[in-house]
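Trainee: Could we take one part of this protein and go through it slowly together? I am new to reading structures, so please link each step to the next.

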Amino acid sequence: MQQTMEHSTAKHYSEADQSTQRLRDKKVGDLMVNKRRLVEVPYTASLAHTMNTLVANKVLAVPVAAPPGQWIGAGGSMIMEADKHTGTVRKHYIGLATMLDLLAHIAGTEDQLMDEGVHDGFDLDQKMSVPVSSIIGQCLEGLSLWTLNPNTSPNFSILDCMEVFSKGIHRALVPVDSHMDNVSGVELVESASSYRMLTQMDVLRFVKEHGSSGSELDNIMSSTVSDLGAVTARVFAITDRTKVIDAIKCMRIALLNAVAIVRSSDTDNEEDHKQLVNGRGRQAIGTFSATDLRGCHIATLQTWLPMSALDYTETVLANPLLAALNNAAGSPTTRELVACRADSSLGEVIDKVVSKHVHRLWVVDQQGLLKGLISLTDIIRVLRLAIVSEQNA
């Protein structure tokens with residue numbers, strides 16, 4: 001009997017080790033199976049065309065392509081697309097255009113004109129006709145263009161990929177086939193015949209699909225997000241009286257893609273509804289994010305800017321176009337507060353962000369008061385650390 005138990009235990013650990021090995025053997029290329037061709041826009045595309053591209057493809061950011069030799073790439077990057085057979089460079093990716101970039105441009109323009117007292121003269125169609133290249137860098141992410149190269153680094157594993165995304169990088173280009181050269185000692189020129197986009201959500205979806213019961217992730221997935229250190233205690237929020245235009249302006253300044261909406265204070269008459277507030281300990285009643293504006297028709301967007309963000313989320317989520325987009329993307333179709341508790345397991349949190357297709361969860365207590373938030377960056381960071389720690393142990 002003792003020999004049988006020992007054999008059974010040894011077999012159990014052997015299977016767990018093999019499962020661990022299987023996960024750690026996964027490469028970036030394994031995450032790219034069935035990934036569609038890169039969605040991009042030319043540098044001459046208008047903001048209206050760029051927004052339509054984002055909406056039609058249900059994405060929050062697109063690379064901007066320009067002719068080679070005419071631009072300095074984001075962060076000095078030299079990411080090129082070249083002919084597979086001749087090596088002739090066809091285009092240079094100069095940065096990212098995000099939904100928040102577009103909204104920041106619109107809100108900044110509207111705010112400036114309102115300050116100048118010429119609100120009636122605001123022409124949104126004219127402002128949306130400017131080229132997308134003129135707004136790259138409105139928000140910091142647009143200046144951050146990254147690649148993950150599984151071809152020049154054949155040992156680039158999923159853990160290496162998670163390390164990159166744990167630094168707050170939301171997405172990266174993955175070349176299908178590539179070549180890299182050194183230029184001037186340190187600057188790297190990378191060229192490929194085509195690229196695909198890999199995101200933080202792609203990684204977590206992959207982990208969810210490969211982290212089923214009985215895998216080496218069981219102990220990690222059953223740990224609470226609080227114990228793993230995934231909860232960020234500081235929560236930026238807007239109140240239920242904050243206007244859409246002011247919310248966008250705050251998000252741009254603070255480099256946030258979303259903020260919680262909290263009830264305004266009845267006792268603090270001096271609360272500034274044009275500024276971000278500390279949401280910790282306050283009643284969370286909703287979320288305002290860049291994705292909320294992807295169903296906007298440009299013709300009606302101008303009339304929605306003076307609305308409160310709370311009223312806007314209730315109005316826009318009743319919009320059949322956005323409801324269809326959210327259904328297709330798996331996002332909430334009602335003004336649902338997607339939240340968790342500090343004692344929620346990591347597995348529950350990953351399941352919720354993937355199934356609801358949200359990029360953060362608000363952490364609330366039993367009374368619905370905000371205690372923190374968990375972003376995709378937080379999830380990937382603690383997941384990677386836990387896997388590496390178990391490997392070292």
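Trainee: How many bridges join strand 3 (residues 78-82) to strand 4, and do the two strands run parallel or antiparallel?

Mentor: Happy to! Before we start, please keep in mind that this is a predicted model. Your answer is four bridges, and strand 3 and strand 4 run antiparallel. To find one matching pair on your screen, look for A82, which stands opposite V89 in strand 4. The two strands form a hairpin, with six residues between them. In that turn, G87 has a positive phi of about 80°.

Now turn to another partner of strand 4. Strand 2, residues 61-66, is joined to strand 4 by six bridges, and this pair runs antiparallel. Here you can use A65 as a landmark, since A65 stands opposite Y93 in strand 4. How enclosed is strand 4 by the rest of the structure? It spans residues 89-98, and seven of its 10 residues are buried, so strand 4 is largely enclosed by what is around it. When you inspect a strand like this, it helps to know that side chains in a regular strand alternate between the two faces of the sheet.

With that picture in hand, let us see how strands are arranged elsewhere. One open sheet has three strands in the order 13-14-15, with mixed pairing. Strand 13 (339-340) and strand 15 (370-375) stand at its edges with a single partner strand each, so one side of each has no neighbour in the sheet. Strand 14, residues 360-364, pairs with strand 15 in the antiparallel sense over five bridges. A good place to check this is L361, which stands opposite I374 in strand 15.

Next, look for the helix that goes with these strands. Helix 14, residues 346-356, lies across strand 13, strand 14 and strand 15, and runs at about 130° to strand 14. Between helix 14 and strand 14 there is a loop, and H357 is found in it. The phi of H357 is near 50°, a positive value in a residue other than glycine. That is worth a second glance, because most residues other than glycine have a negative phi. H357 is partly exposed, with a relative accessible area of 24%.

Helix 14 has a helix partner too. Two packed helices are described by the angle between their axes and the distance between the axes. Helix 7 and helix 14 pack at an angle of about 120°, with their axes 10 Å apart. The pair is therefore oblique, and helix 7 passes helix 14 in a left-handed crossing. On the helix 7 side the contact is made by M201, L204, R205 and K208, and on the helix 14 side by I350, D351, V353 and V354. Sorted by class, this contact has five nonpolar and three charged residues, and no polar ones.

Stay with helix 7 for a moment, which covers residues 200-210. Its buried residues are Q200, M201, D202, V203, L204, F206 and V207. Several elements cover them, including helix 2 (28-31), helix 6 (158-165), strand 8 (195-199), helix 8 (218-222), helix 14 and helix 15 (376-392).

There is another sheet to compare with. This open sheet has four strands in the order 11-9-10-12, with mixed pairing. Strand 11 (277-278) and strand 12 (284-289) stand at the edges, each with a single partner strand, so one side of each is left without a neighbour in the sheet. Strand 9, residues 236-239, is joined to strand 11 by two bridges, and the two run antiparallel. In this pair, A237 stands opposite V277 in strand 11. Helix 10, residues 244-254, lies across strand 9, strand 10 (258-262) and strand 12, at about 70° to strand 12. The loop between helix 10 and strand 10 holds L255. L255 has a positive phi near 60°, although it is not glycine, and it is partly exposed, with a relative accessible area of 47%.

Finally, step back to the whole protein. The secondary structure comes to 15 helices and 15 strands. Of the 393 residues, 49% are buried. Among contacts between residues at least 6 apart in sequence, 70% join residues at least 24 apart. To return to your hairpin, try tracing from strand 3 through the turn with G87 into strand 4, and then across to strand 2, which is joined to strand 4 by six bridges.

Terms used: Residues numbered from 1 in each chain as written. Heavy atoms only, no water. Buried < 20%, exposed > 50% of the residue type's maximum accessible area, 1.4 Å probe, protein only. Pairing = 2+ DSSP bridges. Contact = heavy atoms within 4.5 Å. Axes fitted to C-alpha atoms, helices over the stretch in contact; angles between N-to-C directions. Parallel < 35°, antiparallel > 145°, perpendicular 65-115°, else oblique. Left-handed = near helix turned anticlockwise from the far one by under 90°. Nonpolar A, V, L, I, M, F, W, Y, C, P; charged D, E, K, R; others polar.
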